[in-house]
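Work through the three exercises below with the model open. Each task is followed by a stepwise solution.

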Amino acid sequence: MAQQQAPLLSLAWQRYLVNLNKHPLRTKALTSACVAGLSDAIAQSSSNNKGWLWRRTGAIMLYGLIWGGPGGALLAEVHGDPFKGKADFVTVLKKVAFDQVTFGPLCNIMFMSFATLVLERKSLQFLGQKVRRDYPTVQLNGWKVWPLAALINYGFVPVQFRVLFANVVALFWSIFLLQRAKKLANNTVKQKQEQDKQ
């Protein structure tokens, strides 16, 4: 069985590489959508939901398709210009710093907004409260994960695979964010139920 899987994985990888060369943005967007869907599948399967939330999975995949792949490709372009032709360690550190003060916080705000407005179907007012309350903690947790991931990505991963590497890290980060959002939403419901009892 394992011998049959190896050629299949090899074939899939070869096709991925061909598509990455021919259609880089489309391939990165579709890969991001698949990874986003996988992160939601893992988050849902570990959260004891009653039934599968297909709309949520589809929405998260759409987010990966529209933002994850194209956003990562855009970041690669932005990094490419000021750091073109430089690969020394100081340049890698500059890329990491630039990433962590621009793209990282933007991604966290975007995902929090998406999760609140689309997945939880809450209002803009609620989003504002949630960002003020939760964003600092989310961003601080992000800075515990993403600088090391970015250092590995910019220092060791070939350019054409950087979005894929970031997607793999994002898989785990998204699970964390989705679980956190669900926990906070459940806490809000419990608090409302307790207030209604009083």
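**Exercise 1. The cavity**

Task: find which helix gives the most to the lining of the largest cavity.

Solution. This is a predicted model.
- Start with the result: helix 7 gives the most, with four residues.
- Next, list the lining: F111, M112, A115, K130, D134, V138, L177, R180, A181 and L184.
- Now place the residues. Helix 5 (103-119), helix 6 (124-156) and helix 7 (162-197) each supply at least two of them.
- Sort the lining by class. Seven residues are nonpolar, three are charged and none is polar.
- Finish with the volume, which is about 80 Å³ for the largest cavity. The count of cavities of 30 Å³ or more comes to one.

**Exercise 2. The cysteines**

Task: explain why C34 and C107 are not bonded through their sulfurs.

Solution.
- Recall the chemistry: a disulfide is a covalent bond between the sulfur atoms of two cysteines.
- Take C34. The closest cysteine sulfur is that of C107, 19 Å away, so the pair is too far apart for a bond.
- Set this against the cut-off for a disulfide, sulfur atoms within 2.5 Å.
- Conclude: C107 is in no disulfide, and the search of the whole structure finds zero.

**Exercise 3. An asparagine in a helix**

Task: decide whether N153 is buried or exposed, then name its contacts beyond four places in sequence.

Solution.
- Locate N153: helix 6.
- Check accessibility. N153 counts as buried because its relative accessibility is 7%, and the cut-off is under 20%.
- List the contacts of N153 beyond four places in sequence: R162, F165 and A166.
- Look at R162 in detail. Its backbone oxygen lies 3.2 Å from a polar atom of the N153 side chain.

Conventions
Residues are numbered from 1 along each chain as its sequence is written. This is a predicted model: local features need pLDDT of at least 70, side-chain atom pairs count only at pLDDT 80 or more; totals for chains, interfaces and linings use all residues. Side-chain values use heavy atoms; hydrogens and water are left out. On a 1 Å grid over the protein atoms alone, a cavity is a set of points where a 1.4 Å probe fits but cannot get out, and a pocket is an open set with protein on both sides within 12 Å along at least five of seven lines; lining residues have an atom within 4 Å of a point. Grid points are joined across faces, edges and corners, and a volume is the space filled by probe spheres set on the points. Helices (H or I, at least four residues) and strands (E, at least two) are DSSP runs, numbered from the N terminus. Ala, Val, Leu, Ile, Met, Phe, Trp, Tyr, Cys and Pro count as nonpolar, Asp, Glu, Lys and Arg as charged, and the others, Gly among them, as polar. Buried means under 20% relative accessible area, exposed over 50%, partly exposed in between (1.4 Å probe, protein chains only). A polar contact is a pair of N or O atoms within 3.5 Å; within protein, one must be able to donate a hydrogen and the other to accept it, and residues adjacent in sequence count only if both atoms are side-chain atoms. Contact means heavy atoms within 4.5 Å.
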